[in-house]
Amino acid sequence: MIYPIVMYGDAVLRQKASDIAPGTDLKQLIEDMYETMHAASGIGLAAPQIGKSIRLFVVDGTVLEDEPGMADFKKAFINPQILEEWGEPWDYEEGCLSIPNIREKVARKARLRIRYFDDQWNQKEEEYDGMQARIIQHEYDHIEGKMFVDYLPALKKRLLKSKLTDISKGKVDTEYRIAAPLKK
């Protein structure tokens with residue numbers, strides 16, 4: 001099932017997501033999240049982006065075949081906890097399915113160590129670097145109630161204000177289905 005993507009301005013994107021009870025059957029939800037992400041040509045999707053404030057995100061970097069280590073980078077992260085981030089921060093232009101048609105450079109640390117459960121509820125602790133780390137950091141931010149625009153300088157945020165306001169009102173063109181804006 002393909003879910004509509006929640007847009008910037010929806011409160012669910014600003015909430016710290018709740019832990020999921022160990023052993024919860026997430027098989028269908030994870031499949032639906034992959035289907036939703038692929039239909040929107042994304043490489044990562046967090047549960048808050050489909051209106052669910054739970055600590056779950058999926059990644060699929062296999063389309064970035066020119067990037068090292070991406071050939072098999074497809075997995076689900078349940079109840080993840082970033083334990084450590086280190087290395088020289090590097091800039092890269094990021095985008096987000098919840099903030100369509102806006103891309104900006106964001107500096108993130110090069111490496112991370114994360115503890116999480118996989119889709120079979122096996123606990124893992126792994127290290128990632130480069131593009132893999134960046135995708136994880138971006139999606140992890142979503143379950144912490146943060147978005148990539150939060151890292152932008154104040155001037156850049158002011159310049160984007162009208163575009164972000166339009167997105168929050170549903171005035172945006174996308175190739176994928178978006179959730180109706182919340183009535184205020």
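Okay, quick one before we start: when I say a helix touches a strand, contact means heavy atoms within 4.5 Å. And keep in mind that this is a predicted model.

So, helix 2, residues 130-143. It lies across strand 1, strand 2, strand 3, strand 6 and strand 7, and it runs at about 150° to strand 2.

What's the sheet underneath? We've got five strands in an open sheet, ordered 1-2-3-6-7, with antiparallel pairing. Strand 1, at 44-46, and strand 7, at 123-129, sit at the edges with a single partner strand each, so each has one side left without a neighbour in the sheet. On average, neighbouring strands here are turned by 40° against each other, ignoring direction.

Helix 1, that's residues 27-39, packs on this sheet too, touching strand 1, strand 2 and strand 3. Its direction makes about 50° with that of strand 2.

Let's look at the strand 1 end. Strand 1 pairs with strand 2, residues 56-60, over three bridges, in the antiparallel sense. If you want a spot to click on, Gly44 stands opposite Val59 in strand 2.

Now the backbone oddities. Most residues other than glycine have a negative phi. Ser41 isn't a glycine, yet its phi is positive, about 60°. You'll find Ser41 in the loop between helix 1 and strand 1. Trp121 does this as well: not a glycine, positive phi of about 65°, this time in the loop between strand 6 and strand 7.

Buried or exposed, then, for Trp121? Buried: its relative accessibility is 18%, and the cut-off is under 20%. Ser41, on the other hand, is exposed, with a relative accessible area of 69%.

Note on methods
Residues numbered from 1 in each chain as written. Predicted model: local features only at pLDDT ≥ 70, side-chain atom pairs only at ≥ 80, totals over all residues. Heavy atoms only, no water. Pairing = 2+ DSSP bridges. Helix = DSSP H or I, 4+ residues; strand = E, 2+ residues; numbered from the N terminus. Axes fitted to C-alpha atoms, helices over the stretch in contact; angles between N-to-C directions. Buried < 20%, exposed > 50% of the residue type's maximum accessible area, 1.4 Å probe, protein only.
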